[in-house]
Amino acid sequence: MATIKPIEGRSVHQIQSGQVIVDLCSVVKELVENGLDAGATTIDVRFRNNGLDSIEVQDNGSGIAPDDYDTIALKHYTSKLSSYDDLSALQTFGFRGEALSSLCALSKFHIVTARAVDAPKGTRLDFEISGKLKGTSVVASQKGTTVVVESLFYNLPVRRKELEKTVKREYGKVLGLLHAYACISTGVKFSVSNQMPKGKKTVAFSTNSNPNTKENIANVYGAKTLSALIPLDLKFEMDPTVKSTQSGRNRSTQEDSGSKEVCIVGHISRPVVGEGRQTPDRQMFFVNSRPCGLPQVAKAFNEVYKSYNVTQSPFIFADIRLDTNAYDVNVSPDKRTILLHDQMALLESLKTSLVELFEAHDQSVPQNQL
Ligand code: ADP
Ligand code: MG
């Protein structure tokens, strides 16, 4: 008798969903990105019990058209990408059509939505675990969409237990992630709050609808933090003689990965003792405005900064702007990893230009301020 059999559909869905939604951060990231993709100018994130009881993300974006109610939470249904060839020209955060379907599989989930033509009448959408629409009802709603995720991982006991144990730390990580989205999103007003079971509600932070990242940073971290920063404005051509060693890739020709010009814009602590912090907890990296973790890039920044200030870590807000063919966002199901094709060359050039920036700055600061 054959022993190899297909896994039953429902279990496959649960297994795959667990790779897209791995923790509290992935929930918040996916929902905030959906709001931004829908053109929102306000994003309101509300946690109950640090997110353990519920996470709600409300936006004032386009809303969802009734024709899409049936398919919105089905796996691989998306309005953002229709073929793999479109991936390099992608303008949106989302493209896999997996987030909502995964949330249906892993939480108690519903949506309230209204387009401009529908408001103040909105529709509540409830779903089955598979993502199939279960029912709709009429509710009051302003224009936009609110996604409600309750009891995350209620049906994955090991993960739920782990979340219960680590939720305070996780909530701290989520705030860090939200800081990054709030700082990079100009013209979008963010508010983030947490309601604890004993009735205490705290506003974690909020921003105004600022026209630039500087004012966003001031809203999130305070004017004092901002005053210790200098503009980060690096521009270089990546050195084509430095070959990438990542996963056997050797993609350093112009045709392979597009233009070699890189701009890194943002804000960084002055290279002066007293301007940094004890921990590197205020470092945000973006690739073409997409928040992401870039450990090697972070390491390069910190190494250079260390030669000016050994005792503290810099505040870093760095948006790396480069050709869309020079990186790949389709690396992991949770889209957190970005593969930079010419990372080695980028790191070398980055370090050189950062030293130039710090040297220029050093000379412009009067000795008595050092
Ligand atoms: P993706 O973002 O990769 O397309 P999702 O599962 O996150 O996949 O969302 C599926 C689709 O649902 C999106 O393509 C979009 O059309 C719609 N959608 C999701 N969230 C919102 C929202 N907040 N406002 C409007 N439409 C949304
Ligand atoms: Mg999405």
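This report describes the overall dimensions, domain arrangement, one sheet and the ligand surroundings of a predicted protein model.

**Overall architecture**

The protein contains nine helices and 15 strands. Its radius of gyration is 22 Å, close to the 21 Å that the globule rule gives for 370 residues, so the protein is as compact as a globular protein of that length. The C-alpha trace extends over about 70 × 55 × 45 Å when taken along its principal axes. Of the 370 residues, 35% are buried. Among contacts with a separation of 6 or more, 68% are made by residues 24 or more positions apart.

**Domains and their contact**

According to the domain assignment, the protein divides into domain 1, residues 9-213, and domain 2, residues 228-364. A distance of 29 Å separates the C-alpha centres of domain 1 and domain 2. Where the two domains meet, 13 residues of domain 1 are in contact with twelve residues of domain 2. On the side of domain 1 that touches domain 2, the elements giving two or more residues are α1 (9-20) and α4 (157-184). Of these, α4 gives the most, with four residues. The composition of this side of domain 1 is nine nonpolar and four polar residues, with no charged residues.

**The five-stranded sheet**

An open sheet is built from five strands in the order β9-β10-β13-β11-β12, and its pairing is mixed. Its edges are formed by β9 (229-237) and β12 (290-291), each of which pairs on one side only. Within the sheet, β11 (residues 283-287) pairs with β13 (residues 316-321) in the parallel sense, over five bridges. In this region, F285 has A318 of β13 as its bridge partner.

**Surroundings of ligand 1**

The shell around ligand 1 comprises 21 residues, of which N34, A38, T78, G94 and A99 come nearest. Two or more residues of this shell are given by each of the elements α2 (24-37) and α3 (99-106). By class, the shell around ligand 1 holds six nonpolar, ten polar and five charged residues.

The table sets out the two residue sets by class.

| Residue set | Nonpolar | Polar | Charged |
|---|---|---|---|
| Side of domain 1 that touches domain 2 | nine residues | four residues | no residues |
| Shell around ligand 1 | six residues | ten residues | five residues |

Charged residues are thus absent from the side of domain 1 that touches domain 2, whereas five belong to the shell around ligand 1.

Notes. Residues numbered from 1 in each chain as written. Chains lettered and ligands numbered in written order. Predicted model: local features only at pLDDT ≥ 70, side-chain atom pairs only at ≥ 80, totals over all residues. Pairing = 2+ DSSP bridges. Domains from an automatic or database assignment. Contact = placed C-beta atoms within 7 Å. Nonpolar A, V, L, I, M, F, W, Y, C, P; charged D, E, K, R; others polar. Near = placed C-beta within 6 Å. Rg over C-alpha atoms; globule rule 2.2 N^0.38 Å. Buried ≥ 20, exposed ≤ 12 C-beta atoms within 10 Å, placed from the backbone.
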